[in-house]
Each structure stands twice: as structure tokens, then as C-alpha cells.
Amino acid sequence: MLVKHMIQRTMKSKLKIGDKAPHFAGIDQDGNIVTLKEFEGKKLIVFFYFRDALFMSISALPLLAFKRHHDAFRKEGYEVIGIGIDSERDHHWMANYLKLPYRIITDSCYAINRNYGTWAKSSKLTDNRCYTVPTIFVLDEKGTIQEIVRRIWMWGRISGLLRRIQRGKLGSKA
């Protein structure tokens with residue numbers, strides 16, 4: 001139920017397939033500045049996830065699924081970037097603990113989440129907190145959104161995305 005409330009209350013930005021991806025800049029788990037501009041001319045998968053907390057198994061699923069399929073996404077020509085609201089230190093710990101082969105960007109001010117429309121406020125009357133709605137954006141070499149996949153805490157969403165990429169069938173909302 002909580003997830004349903006989160007998705008219904010996604011903040012203002014309503015990106016669609018065919019839109020230009022909003023610029024972002026952040027710090028990765030190793031302290032390096034990462035921007036969308038550095039991926040010009042490359043295909044990119046940007047995914048947003050809950051938190052760097054292993055005790056919340058729902059949080060670790062996208063991280064682990066992208067780790068599992070990383071080589072296959074690279075074979076198809078895609079770079080992968082994760083974006084989370086935790087600190088650089090937390091991302092560093094998580095990336096090392098899980099041995100992640102891709103970069104995780106810190107969005108502790110929620111600016112990237114807001115620009116991509118993945119920041120949601122709980123609709124429960126007693127709960128005034130905000131959350132990241134786990135979402136994947138697939139970008140082409142020009143930074144145009146080719147696919148948007150929501151509710152990525154489900155393992156099959158990421159493997160399904162990989163199959164659509166391999167078959168050349170991007171562009172349908174999942």
C-alpha cells in the first residue's frame with residue numbers, strides 16, 4: 001500500500017519517452033563528480049532506488065539486479081548509474097560490500113530526484129515524509145529518454161528491460 005501511495009504522489013516533473021533527460025551532477029561513491037554531460041554520445045541507464053540499507057531487502061534488489069546483468073547491459077552498449085539519497089560514505093560502503101561494478105551517485109539534496117520526478121510525498125494523512133520512487137530511465141546517445149520503468153523493486157523489471165533492449169523493443173512504458 002505504501003508504494004501505491006508513493007507513486008500516486010510523485011512530484012511535479014512528469015518526464016515522458018522522447019523527452020530530453022534533465023541535466024544532473026552529483027558525487028559518486030569514490031568522491032568523483034559525475035554529470036550527465038560526461039555521457040554524451042553514450043547510451044545510459046539511470047536508475048533511482050530507495051536507500052543503501054541491506055536490512056530493507058526491497059532497497060538492495062535493483063542494486064543486485066543491475067550487478068547481475070551489468071555485463072549484458074555493457075554488451076548492448078549501455079553504461080549504468082544508480083542514484084540514491086544516501087551519503088557518499090554510505091554509497092561507498094554499499095558499493096564495496098556488494099562489489100558493484102557501476103557508479104552510485106549521491107542525491108542528498110533530492111535535486112536529481114525532483115528533476116526526474118522520482119521524489120514522492122506519502123499521501124497518508126499522518127505521514128509527511130518523502131521517498132524515492134524506484135525508477136529506471138533509459139537514455140540514448142543524445143540524452144533522449146527511450147524507456148521509463150517504474151516499480152523496479154521487482155526483480156523481473158530489470159531482466160525484462162534487458163530483454164527489450166536485446167530485442168530492440170524499447171519505447172513502451174513498463
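Biologist: Which residue in S2 is the bridge partner of Ala25?

Modeller: That would be Thr35. Gly26 also has a partner in S2, namely Val34. Before we go on: this is a predicted model, where local features need pLDDT of at least 70, side-chain atom pairs count only at pLDDT 80 or more, and totals for chains, interfaces and linings use all residues. Residues are numbered from 1 along each chain as its sequence is written, and side-chain values use heavy atoms, with hydrogens and water left out.

Biologist: Fine. What makes S1 and S2 a pair?

Modeller: Two strands pair if DSSP finds at least two bridges between them. S1 and S2 share three bridges, in the antiparallel sense, so they meet that rule. They also form a hairpin with four residues between them. Gly31, in the turn, has a positive phi of about 85 degrees.

Biologist: And why is S1 called a strand?

Modeller: Strands are DSSP runs of E with at least two residues, while helices are runs of H or I with at least four, both numbered from the N terminus. S1 covers residues 25-28, so it fits the strand rule.

Biologist: How do you know that S1 pairs with S5 too?

Modeller: Count the bridges: two join S1 to S5 (residues 103-106), and the strands run antiparallel. Two is what "at least two" asks for, so this is a pair as well. Ile27 stands opposite Thr106, and Asp28 stands opposite Ile105.

Biologist: How many bridges join S4 to S5?

Modeller: Four, with S4 (residues 78-84) and S5 running parallel. One of the matches is Gly82 with Ile104 in S5. On the way from S4 to S5, the chain passes through helix H3 (residues 88-98), in a right-handed β-α-β crossover.

Biologist: What makes a crossover right-handed?

Modeller: Point the strands away from you: if the path from the first strand over the helix to the second runs clockwise, the crossover is right-handed. The one through H3 gets that label, so its path runs clockwise in that view.

Biologist: What is the strand order in the open sheet?

Modeller: Seven strands line up as S2-S1-S5-S4-S3-S8-S9, with mixed pairing. At the edges are S2 (33-35) and S9 (145-150), each paired on one side only. On average, neighbouring strands are turned by 30 degrees against each other, direction ignored. H3 packs on the sheet, touching S1, S4 and S5, and its direction makes about 160 degrees with that of S5. Such angles run from 0 to 180 degrees between N-to-C directions, with axes fitted to C-alpha atoms, for helices over the stretch in contact. Touching, or contact, means heavy atoms within 4.5 Å.

Biologist: Is His91 in H3 buried or exposed?

Modeller: Buried means under 20% relative accessible area, exposed over 50%, and partly exposed in between (1.4 Å probe, protein chains only). His91 has 0%, so it counts as buried. Its side chain reaches the backbone oxygen of Asp86 at 3.3 Å.

Biologist: How do you know that the buried residues of H3 line one face?

Modeller: They are His91, Met94, Ala95 and Leu98. Down the helix axis they fall within an arc of 95 degrees, so they share one face. That arc is taken from the directions from the helix axis to the C-beta atoms. On the other side of H3, Arg89 and Tyr97 are exposed. Just after the helix, Lys99 takes a positive phi of about 55 degrees.

Biologist: Why is Leu64 called partly exposed?

Modeller: Leu64, in helix H2, has 31% relative accessibility, so it lands between the two cut-offs. Its C-alpha is 7.6 Å from that of Leu98, though they are 34 residues apart in sequence.

Biologist: What about His69 in H2: buried or exposed?

Modeller: At 12%, His69 is under the limit and therefore buried. Not counting residues up to four places away in sequence, His69 touches Ile158, Ser159 and Leu162.

Biologist: Which class does Arg150 fall into?

Modeller: Arg150 sits in strand S9. Its value is 26%, so Arg150 counts as partly exposed. Its C-alpha is 6.4 Å from that of Ile136, which is 14 residues away along the chain.

Note on methods
A polar contact is a pair of N or O atoms within 3.5 Å; within protein, one must be able to donate a hydrogen and the other to accept it, and residues adjacent in sequence count only if both atoms are side-chain atoms.
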